[in-house]
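These are my notes from going through one structure, entry by entry. I looked up the packing of the elements and the confidence, and then what the chains share.

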Amino acid sequence: MDNNTKNTGQVDTLVQMRGLRFAYGSRVIIDGMDIDIPRGKVTTIMGPSGTGKTTLLRLIGGQWRPQAGSVHVDGQNVHTVNRRELYRLRKRMGMLFQSGALFTHLSVFENVAFPLREHTRLPEQVIHHLVLMKLQAVGLRGARDLMPTELSGGMARRVALARAIALDPMMIMYDEPFTGQDPITVGVIMQLIRLLNDSLGITSIIVSHDVQEVSAISDKIYMISQGKVVGHGTPHDLGRSPSDWVRQFMNGLPDGPVPFQYPAPGYLDDLFGIA
Amino acid sequence: MIVVDWLQRLGRNALFFLQRLGRATVFLLQVLAGIPTIIMQPRLLLWELYSVGVLSLAIIGISGLAVGMVLGLQMYTTLVDFGAAQSLGPVVALSLVRELGPVLTALLYSGRAGSALTAEIGLMKATDQLSVMEMMAVDPLCRVVAPRFLAGVVSVPLLAAIFSAVGILGAYFVGVGLLGVDAGAFWSQMQAKVDLHADVYNGLIKSAVFGLVATWIAVFEGYDAVPTTEGVSRATTRTVVHTAFAILGLDFVLTALMFGGI
């Protein structure tokens, strides 16, 4: 990457993906994707299940390696930097997994303290204060002594969010943050994402298929299908998109370019073996 | 056709085995590279020593006692026919220190601690705990696997020593306490016949090798498990089965090298 691009990337675009291609064996998941994630904004990647949304987050985090293309985060190509640089970059990224992925042998307090203990030499008193501040931000200061098994799904995600912001990252990636949550929890998580993004000045990347929720909090949405970007823009732009695919997804229509049936041989062939 | 199919299947299985062996070797080297970091964080190692070693003490102690008592009884009934009942001490001690102690300890360790290590690491993988650690710039091989591995390697020789010691006490109880073997002969003959270097040290080396192999298999199977309920279940089973084969096979090789004059 030349200096101009790098400088531009640092000012406007935090994450830049170009010509990204990823396949599991012969099954292509992402096929030539270009995505720009603006710094300081909430950007959502939307698409039906199984279209590679979570894969994109893993590629951004450098956990998986694409077959082609590049992912630059804050000007650094995550797949060409050495391990030390990658880990340094990851300290500035937070990721909220769909399940929360809390450490089940640690209490809520210790889960949030984990990255601080691993990466800093702060005195215990300071760690204590920082953890309580993070838990206060997600409304769970009172749950500090609970174990993960004692938390509801929504609480677990909020604790995971507190842990993800423990090191004050430059960006947070949310993997399906609303899935399987009750309406109150969805509202709480939506508010938290927006609030943390604005108050901490971080960049948020959400992967989701919850149209209403992400439309309410996103600055920009990318819609993906069959490994490609099929539309992008503000929620307002996408709401008025002429694309059949975008309209079908945004309005949850059963009929449209996205087929209901998974590819299969003819129905009669399957039932009666008729050629 | 049947022969061709059979050869194809054999080739596929051989390639699969070699692939896994290669992955396991790279994995082992990566874990070994993480051990210096763990030595600097003794708290992690101590916890795992407790979890892997101390919590195995009960099963090792009880099994050692039972094996020693049975061994004492069986050996006495054979030796007494030859008028050699006074040799009970060295026979039991050599059997335990050279063979039964290291082998049975490793098998029991695999069933109690090895399977638990596989299940724990496999479930951490299935619930994204390893992934989230990676995303927090913490290497799970160093933070999760290395302390468990080191704890296993350190624990097994100690557990084997305890197994053998308790087994000898069990044999003493049966031989001297119940069957009337002379206590002085039991201990003095044992002292005379059991060599520190040839028997005790070789037994310890054996159990250290078994500890390394059993823990290596356990942590690798957990780390390499398919991250599903069934995948973790299969990995746990593989840990116990593969460890048993590896221990018994290695035991023959090590015995041949140490005591067989090969």
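Entry on helix 2. I began with helix 2 of chain A, which lies across strand 1, strand 2 and strand 4 (68–73) of chain A and runs at about 120 degrees to strand 1 of chain A. I keep in mind throughout that this is a predicted model. I then asked how many of the residues of helix 2 of chain A are buried. Six of the eight residues of this helix (residues 53–60) are buried, so I noted helix 2 of chain A as largely enclosed by the rest of the structure. The buried residues that I listed are K53(A), T55(A), L56(A), L57(A), L59(A) and I60(A). Just after helix 2 of chain A, I found that G62(A) takes a positive phi of about 75 degrees.

Entry on the antiparallel sheet. I next traced the sheet that contains the strands under this helix's crossing, and wrote down an open sheet of four strands of chain A in the order 2-1-4-5, with antiparallel pairing. Strand 2 (27–38) and strand 5 (76–77) of chain A are at the edges with a single partner strand each, so one side of each has no neighbour in the sheet. For the pairing of strand 1 (residues 13–24) of chain A with strand 2 of chain A, I noted nine bridges in the antiparallel sense. Looking up Q16(A), I found that its bridge partner in strand 2 of chain A is D36(A).

Entry on strand 3. Is strand 3 of chain A enclosed by the rest of the structure or left open? Five of the five residues of strand 3 (residues 42–46) of chain A are buried, so I recorded this strand as largely enclosed. I checked its two faces separately, and both are covered: V42(A), T44(A) and M46(A) are buried on one side, and T43(A) and I45(A) are buried on the other. Strand 3 of chain A runs parallel to strand 8 (residues 203–208) of chain A, and five bridges join them; here T44(A) stands opposite I206(A). With strand 9 (residues 220–225) of chain A, strand 3 of chain A also pairs in the parallel sense, over four bridges, and in strand 9 the bridge partner of M46(A) is M223(A).

Entry on chain A as a whole. I counted 11 helices and 10 strands in chain A, and I noted that buried residues make up 38% of its 275 residues. The radius of gyration of chain A is 20 Å, which agrees with the value near 19 Å for a compact globule of 275 residues, while its C-alpha trace spans about 75 × 50 × 35 Å along the principal axes. Of the contacts in chain A between residues at least 6 apart in sequence, 63% join residues at least 24 apart.

Entry on confidence. The mean pLDDT of chain A is 86, and 95% of its residues reach 70 or more. Among its elements, helix 4 (residues 108–119) of chain A has the highest mean pLDDT (94), whereas helix 1 (residues 3–11) of chain A has the lowest (43). Over residues 1–11 of chain A the pLDDT is below 50, and this stretch has nine contacts in the model beyond near neighbours in sequence. Where pLDDT is low, the predicted coordinates should not be read in detail.

Entry on the contact between chains. Finally I looked at where chain A meets chain B, and found that the contact takes 14 residues from chain A and 10 residues from chain B. On the side of chain B that touches chain A, I sorted the residues into five nonpolar, three polar and two charged.

Notes: Residues numbered from 1 in each chain as written. Chains lettered and ligands numbered in written order. Predicted model: local features only at pLDDT ≥ 70, side-chain atom pairs only at ≥ 80, totals over all residues. Contact = placed C-beta atoms within 7 Å. Nonpolar A, V, L, I, M, F, W, Y, C, P; charged D, E, K, R; others polar. Rg over C-alpha atoms; globule rule 2.2 N^0.38 Å. Buried ≥ 20, exposed ≤ 12 C-beta atoms within 10 Å, placed from the backbone. pLDDT = per-residue confidence, 0-100. Pairing = 2+ DSSP bridges. Axes fitted to C-alpha atoms, helices over the stretch in contact; angles between N-to-C directions.
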